[in-house]
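This report introduces a structure to a reader who meets it here for the first time. It takes up a pocket, then several strands and helices, and finally a few single residues.

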Amino acid sequence: MRTRILFAGAAAVLLAGCQTSKPTTAAKQPVLETLGTHEVPVSEFSYVYRKNNASAPEAGTRASVQEYLDLYTNFRLKVLEAEARGLDTTQAFQRELEGYKQQLAQPYLTEKSVTDKLVREAYDRMSKEINAAHILVRVAPDADPKDTLAAYQKLQALRQRVSGGEDFYKVAAEASEDPSAKENGGRLGYFTAMQMVYPFESAAFKTPAGQVSQPVRTRFGYHIIKVNEVRPAQGEIKVAHLMIRATPGMPAADSVTAKKKIDELYSRLQKGENWEKLVGQFSEDVGSAANAGELPPFSTGRMIPSFEEAAYRLQKPGDLSAPVQTPYGWHVIKLIGKQQLPSFEEMEPTLKSKVSKDSRSELNREAFLKRIRQENQFTENKAALDYAFSKADTSLTNGRFKYTAPATAAKPQKGKVTDETALFTIKGKEYSTKDFLTYVQQNQRARPGADARHTMQLLYDQYVNQTLTDFEKSNLEAKYEDYRMLVKEYRDGILLFQLMDEKVWSKAVEDTAGLQKFFAANQANYQWAPRVQATVVSAASPQLLTQAQKLLATGQYPVKRTVPASVAFKANTAELTKVGQDALDRLATSLSNDTALTVRVTGQIKRGETATLAKRRATRVADYLKSKQVAAGQITATTNARPTATTALLSVTTSALTGLEEALNEQNPLAVKVEQRPYQKGDSKVVDALPQQKGTYTTQQDGRYYFVRVEEVLPAGPKTLADARGQATADYQNYLEKEWIAELRQKYPVSINQTEVDKLITK
């Protein structure tokens with residue numbers, strides 16, 4: 001039923017094409033049809049028809065246009081009714097629609113040309129890998145100009161030192177503010193596109209091998225980059241590994257033992273021992289050992305350098321590396337496969353997603369803001385800007401700036417700037433100084449020691465960008481027809497879903513009396529064809545089929561899950577221990593929940609004990625289970641005359657055919673499949689090929705082996721509602737919808753302007 005609901009909801013959205021509330025400018029356009037008093041413009045139907053039928057071969061034919069118009073009319077009638085009932089005014093509806101609008105707006109708040117350029121650039125760069133080192137001088141992205149200048153000058157001085165001949169790595173270890181530089185001399189190893197922040201990546205790719213870049217700023221600060229080597233990309237690699245843990249600082253004896261272990265395992269692998277077996281037994285990487293040591297695919301720059309280098313040196317699938325050490329331990333690496341860079345078309349969707357989240361998206365946003373500034377005629381009032389900035393003082397940098405708007409708006413005086421003066425305008429709409437200062441109070445944060453005017457400038461830039469974006473969002477429907485129509489589609493689709501659920505989908509499920517009446521009136525549509533009641537066993541091999549037949553003949557199948565092997569008693573008594581009671585409690589829950597289960601309790605004679613005690617123990621277990629509401633018919637108690645080491649054994653069986661599958665499918669979940677039901681012609685190729693009469697049959701088809709037991713031949717006849725509930729409910733939904741549409745067509749009489757319809761026919 002849920003599938004039908006979702007499909008119908010999707011169809012509603014596809015059919016939706018325009019907002020069916022009170023017409024505005026659309027009323028001046030040619031009218032295609034009138035629903036009651038509501039006019040549907042030709043343009044709206046034409047837009048939706050073209051959108052949803054553009055690729056159809058029959059698009060533009062009379063039959064196609066008429067069929068779609070019928071569907072569209074029914075859809076519009078339903079939405080009109082939803083509006084008449086006020087469903088478009090509820091808070092839940094408004095929240096849901098607003099959420100969709102935010103998602104739909106995103107593609108219109110970006111620069112497609114910039115995105116396309118960045119995606120292509122990223123792909124082209126991914127064909128190369130760069131080995132580089134860097135020196136960093138930290139400075140915050142929003143640092144004061146004086147701090148920014150100081151960081152830049154410091155880095156320039158460091159660049160002069162390395163340009164003058166000093167060793168880059170020594171200078172990095174001494175002066176770089178990247179904490180790892182003290183150990184690695186600023187070395188970054190190999191990387192490619194999308195692995196570093198965008199400004200750093202761009203500077204690295206633009207610097208020739210053997211040279212040092214000019215200072216480049218990222219969100220971390222200023223960097224200079226020494227490019228050591230540029231090589232073709234090695235592509236993506238997939239490997240498995242066997243690991244023996246050995247971490248820095250562990251006792252020397254343990255470290256030696258780890259090395260001996262990995263050497264021994266490597267030797268055994270070289271002699272041809274099974275990789276999966278040794279990994280499963282000895283690898284200490286818990287996350288991968290159960291999967292033969294396989295790791296997710298990776299590319300350059302994604303793994304520990306020593307591991308990565310050893311992996312990429314492997315040439316053919318199946319090749320093994322000698323033991324290689326990383327901070328995690330010792331590894332033997334097995335190559336599974338290598339893959340070169342996929343085509344641009346294959347990677348484009350993934351790269352677009354990454355670009356939208358990557359630091360390079362800032363370029364896109366800058367281009368977008370620049371465009372909407374121009375398109376929306378953004379203009380600033382310098383005098384008002386100076387007035388607003390004059391309010392900046394140490395209270396702002398301490399995060400305690402307070403602004404109180406004037407109680408009454410002062411009358412504007414020529415040449416005088418007040419809180420009411422427009423700070424800037426967007427397409428003629430004024431945004432006052434008061435609005436900005438209120439924003440400052442609400443969005444300030446402490447920046448001790450910062451310059452107050454610079455802090456105000458940061459907040460102003462933030463306010464302008466947010467205001468421009470909000471203005472653009474609010475005008476998207478007027479600016480872009482596609483966006484406007486898409487929002488209307490979602491709006492009407494949400495409305496239709498709510499009303500369809502009430503009038504059709506949920507009603508068909510909940511109206512049991514109506515469904516019974518409909519089923520009885522249409523009984524002729526719900527008939528069984530001649531069929532057989534049969535049990536069909538399918539097995540992967542003749543041996544498995546034989547085992548299944550033997551079990552099937554018993555009618556009882558062993559169950560191992562949640563079954564305790566034995567029950568514990570106190571020494572030389574029939575009194576259960578706490579552990580024994582807990583085990584029986586769990587078993588009793590299973591037996592109570594599934595009446596197909598039965599349990600056999602066998603009292604065991606322990607050495608030195610009597611048969612009487614064994615019998616009492618079996619009886620005690622049976623009585624305990626009965627006290628937990630387990631039916632007596634599910635319990636059998638016996639005694640084993642042979643002395644053993646245990647007290648009472650439990651064996652559970654089930655009469656459900658799923659138990660037969662479970663018993664034989666421990667090693668392979670597809671080894672055996674069992675079905676028991678009526679089969680009519682077309683339900684099973686195997687049953688169709690057999691005589692339609694009582695008996696047992698064996699056959700083979702498509703590599704599987706079958707045992708079929710036909711228990712009864714069933715004549716044609718009527719189905720019960722239980723037999724046909726799914727089909728009957730779907731038919732009842734269609735019936736309810738047709739009845740409802742008929743009511744709506746009476747409430748909102750439909751008048752078609754055939755002249756305008758004929759103009760839409762192009763074939």
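Helix α15 gives the largest share of the lining of the largest pocket, namely 6 residues. The model is a predicted one, and its largest pocket has a volume of about 810 Å³. Besides α15 (361-375), the elements that give two or more residues to this lining are α9 (198-206), β5 (216-218) and α19 (452-474). In total 22 residues line the largest pocket, and those that lie nearest its centre are Pro141, Glu362, Arg365, Glu366 and Asn465. Sorted by class, the lining of the largest pocket is made up of 9 charged, 8 nonpolar and 5 polar residues.

Helix α19 also takes part in an aromatic pair. A search of the whole structure finds 27 aromatic pairs, and one of them joins tyrosine 439 and tyrosine 463, whose ring centres are 4.9 Å apart and whose planes stand at 45°, so the pair is tilted. Because tyrosine 439 belongs to helix α18 and tyrosine 463 to helix α19, the pair ties together parts that are 24 residues apart in sequence.

Helix α18 leads in turn to a sheet. This is an open sheet of 3 strands in the order β10-β11-β12, with antiparallel pairing. Its edge strands, each of which pairs on one side only, are β10 (379-380) and β12 (429-432). Within the sheet, threonine 379 has threonine 425 of β11 as its bridge partner. Two helices lie across these strands: helix α16 (residues 382-389) lies across β10 and β11 and runs at about 130° to β11, while helix α18 (residues 433-443) lies across β11 and β12 and runs at about 50° to β12. The loop between β11 and β12 holds lysine 427, a residue other than glycine that nevertheless has a positive phi, near 50°.

The table below sets out strand pairs that run antiparallel, with the number of bridges for each.

| Strand | Partner strand | Bridges |
|---|---|---|
| β1 (residues 31-35) | β2 (residues 38-41) | 4 bridges |
| β7 (residues 236-245) | β9 (residues 329-339) | 10 bridges |
| β8 (residues 324-326) | β9 | 3 bridges |
| β10 | β11 (residues 422-426) | 2 bridges |

Some of these pairs can be described further. Strands β1 and β2 form a hairpin with 2 residues between them, and glycine 36, which sits in the turn, has a positive phi of about 65°. In the pairing of these strands, glutamate 33 has valine 40 of β2 as its bridge partner. A hairpin with 2 residues between its strands is also formed by β8 and β9, where threonine 326 has glycine 329 of β9 as its bridge partner. Strand β9 takes part in the pairing with β7 as well, and there the bridge partner of isoleucine 244 is tryptophan 330 in β9.

One further residue deserves mention for its backbone. Aspartate 702 is not a glycine, yet its phi is positive, at about 50°, and its place is in the loop between β21 (695-701) and β22 (704-714).

Definitions and conventions. Residues are numbered from 1 along each chain as its sequence is written. This is a predicted model: local features need pLDDT of at least 70, side-chain atom pairs count only at pLDDT 80 or more; totals for chains, interfaces and linings use all residues. Side-chain values use heavy atoms; hydrogens and water are left out. Two strands pair if DSSP finds at least two bridges between them. Contact means heavy atoms within 4.5 Å. Axes are lines fitted to C-alpha atoms, for helices over the stretch in contact, and angles run from 0 to 180 degrees between N-to-C directions. On a 1 Å grid over the protein atoms alone, a cavity is a set of points where a 1.4 Å probe fits but cannot get out, and a pocket is an open set with protein on both sides within 12 Å along at least five of seven lines; lining residues have an atom within 4 Å of a point. Grid points are joined across faces, edges and corners, and a volume is the space filled by probe spheres set on the points. Ala, Val, Leu, Ile, Met, Phe, Trp, Tyr, Cys and Pro count as nonpolar, Asp, Glu, Lys and Arg as charged, and the others, Gly among them, as polar. Rings of Phe, Tyr and Trp (its six-membered ring) pair if their centres lie within 6.5 Å; planes under 30 degrees apart count as stacked, over 60 as edge-to-face and the rest as tilted.
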